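Visitor: I am new to this structure and would love a close look at how its strands are put together. Could you take me through that part slowly, and then show me what lies around it?

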Amino acid sequence: MKKRVSFYTLGCKLNQYETDNIRDKFIKSGYSVVNFGKQADISIVNTCVVTQKAEFKSRQTIRRAIKYSPQAFIIVVGCYAQINDEDISRIPGVNMILGSEEKFKVLDFLDGLNKTDKIFIKKSSNSCGLYKEEGNGYFTDRTRAFLKVQDGCNYFCSYCIVPYVRGESRSRSISNIINQAANFTNSCFKEIVLTGVNLAEYYDDCNLTSLVEKLININNVPRIRLSSIEVNKIDDEFINLITSSEKICKHLHSPLQSGDSKILSLMKRKYTPEYYKRKIDKIVKKIPEIGIGTDVMVGFPGEKRGNFENTLKFIKELPFSYIHVFGFSPRSGTEAENLPDNVNPDEIKERSQILRDIAREKKKSFLYENVGRIEEVVFESEEEKIFSGFSSNYIRVKCKGEDLRNKLKRVKIVKSEDLFVTGEILN
Ligand code: SF4
């Protein structure tokens with residue numbers, strides 16, 4: 001009988017991607033994958049530490065893995081494993097802890113180990129420079145393929161633990177990326193999402209713009225979406241490329257975090273509100289239909305009511321199609337943990353709600369602006385003959401139809417609702 005392995009992933013898309021990569025290695029080695037919660041011989045939890053809550057959830061999930069399969073060999077990998085193996089090793093039942101890079105060698109480390117052996121711990125030094133990846137590393141959803149091109153970050157924003165966990169920025173070698181993208185042309189994927197911790201830092205003989213240019217020139221490559229990009233790296237060359245190619249989704253996600261210059265500087269972000277606005281205005285002028293999403297953090301230490309109001313005013317002036325709102329919570333090990341003037345949690349809740357209401361209105365008006373337009377939509381899911389997918393500018397589109405799943409279709413947008421639009425298939 002094949003040995004069974006189960007997985008659970010916490011945190012970001014990158015973690016999801018990396019779990020898929022590890023899953024792939026297990027399948028190739030003859031294991032069968034079972035759902036988390038079922039009896040397994042090996043159970044792997046890929047953890048997250050981006051907030052204290054994520055750490056708590058990671059611990060909770062490790063305990064659940066042990067409860068579901070007490071006889072299984074329990075392996076903890078990912079960011080929490082990299083940064084706090086001491087805490088994890090105190091959980092009875094954990095057998096192996098692997099850091100950021102070591103997790104990909106899990107099968108080698110497993111060789112010859114038993115559940116009764118002493119806990120095995122191996123953490124990464126997080127090397128810099130170029131690296132290669134093996135395996136397919138895509139999401140199990142067969143519509144969109146996630147292509148990781150970069151890891152680590154050198155920015156050290158004062159609230160963020162990621163640079164301490166994932167290490168310095170390093171880029172995947174260009175030939176390795178092109179090979180994987182070329183493999184996607186032979187599969188059923190309709191979209192490639194370029195992903196990384198800080199995509200803008202990509203560099204291997206060429207920058208991100210040239211990399212994207214090389215990718216869109218691969219024969220039959222599906223359309224390409226960028227996961228998130230820091231505004232300081234959006235230059236004219238990059239804007240021209242998005243403008244000129246139908247293969248690149250008309251969608252950018254660029255984290256703003258705050259619209260107040262004092263708070264941005266306390267956060268150690270690399271731009272001012274004015275700079276951010278200039279860039280966005282320039283993009284929208286060139287590509288009016290583009291969907292621009294952002295992240296905003298509310299209640300950062302030192303954020304007085306006036307600073308928050310500056311953010312509100314700033315956001316109202318910008319054409320965001322969606323906004324992810326986060327309330328600040330101190331993360332141990334970061335600079336922001338020790339900053340004075342913490343904002344009261346109730347006040348953070350209230351400010352978050354104000355911003356979420358504005359975000360909702362912004363989204364609604366962006367959806368409304370799309371009515372009458374023709375968009376290319378990749379359909380992903382279906383419920384009672386209503387198919388749902390995303391346009392190039394990242395709005396959810398719903399259409400009646402037959403067998404639209406995993407198809408790219410031209411759609412006329414006919415009506416906007418609160419969170420999506422409806423459309424009619426044109427071909
Ligand atoms: S850019 Fe800032 S927020 Fe993003 S990963 Fe790097 S340090 Fe963290």
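Guide: Happy to! Let me begin with a word we will need: two strands are said to pair if DSSP finds at least two bridges between them. Keep in mind too that this is a predicted model.

Now to an open sheet. It is made of three strands, in the order S12-S13-S14, and the pairing is parallel. The edges belong to strand S12 (251-253) and strand S14 (322-327); each has a single partner strand, so one side of each is left without a neighbour in the sheet. On average, neighbouring strands here are turned by 15° against each other, direction ignored. Let us zoom in on one pair: six bridges link strand S13, residues 291-298, with S14 in the parallel sense. If you would like one bridge to find on screen, look for valine 296, whose partner in S14 is valine 325. As a general point, strands of a sheet pair through backbone hydrogen bonds, either parallel or antiparallel.

Next, compare that with a closed barrel. Five strands build it, running S15-S16-S17-S19-S18, and the pairing is mixed. From one strand to the next, the twist averages 50°. Strand S19 is a good place to see the mixture. With strand S17 (residues 396-400), S19 (residues 421-425) runs parallel, and three bridges join the two. There you can find lysine 398 standing opposite threonine 422 in S19. With strand S18 (residues 408-416), S19 pairs in the antiparallel sense, over five bridges. One place to look is serine 416, which has valine 421 of S19 as its bridge partner. The link from S18 to S19 is a hairpin of four residues.

From the strands, we can move to the nonpolar cores. The largest one has 89 residues, and those with the most contacts inside it are Ile44, Val49, Ile75, Val76, Leu147, Tyr159 and Ile192. Strand S4 (residues 73-78) gives this core its largest share, five residues. For a view from one residue, take isoleucine 44: leaving aside residues up to four places away in sequence, isoleucine 44 touches Val5, Phe7, Ile22, Ile75 and Val77. Another core lies apart from this one; it has 14 residues, among them Phe387, Ile395, Leu404 and Val421. You have met valine 421 already, as the bridge partner of serine 416.

There is also a ligand to visit. Around the ligand you will find Cys153, Tyr155, Phe156, Cys157, Cys160, Val162, Pro163, Val197, Asn198 and Glu230. This shell divides into eight nonpolar residues, one polar and one charged.

Let us finish in a loop, with threonine 272, placed between helix H10 (261-266) and helix H11 (273-286). Threonine 272 has 13 other C-beta atoms within 10 Å, so this residue is partly exposed; a buried one would have 20 or more, and an exposed one 12 or fewer. Not counting residues up to four places away in sequence, threonine 272 touches Ser261 and Leu264. Leucine 208 is 64 residues away along the chain from threonine 272, and 23 Å separate their C-alpha atoms.

Conventions: Residues are numbered from 1 along each chain as its sequence is written. This is a predicted model: local features need pLDDT of at least 70, side-chain atom pairs count only at pLDDT 80 or more; totals for chains, interfaces and linings use all residues. A residue is near a molecule or strand if its C-beta atom, placed from the backbone, lies within 6 Å of it. Ala, Val, Leu, Ile, Met, Phe, Trp, Tyr, Cys and Pro count as nonpolar, Asp, Glu, Lys and Arg as charged, and the others, Gly among them, as polar. Axes are lines fitted to C-alpha atoms, for helices over the stretch in contact, and angles run from 0 to 180 degrees between N-to-C directions. A nonpolar core is a set of buried Ala, Val, Leu, Ile, Met, Phe, Trp, Tyr and Cys residues joined through C-beta atoms within 7 Å. Two residues are in contact if their C-beta atoms, placed from the backbone, lie within 7 Å.
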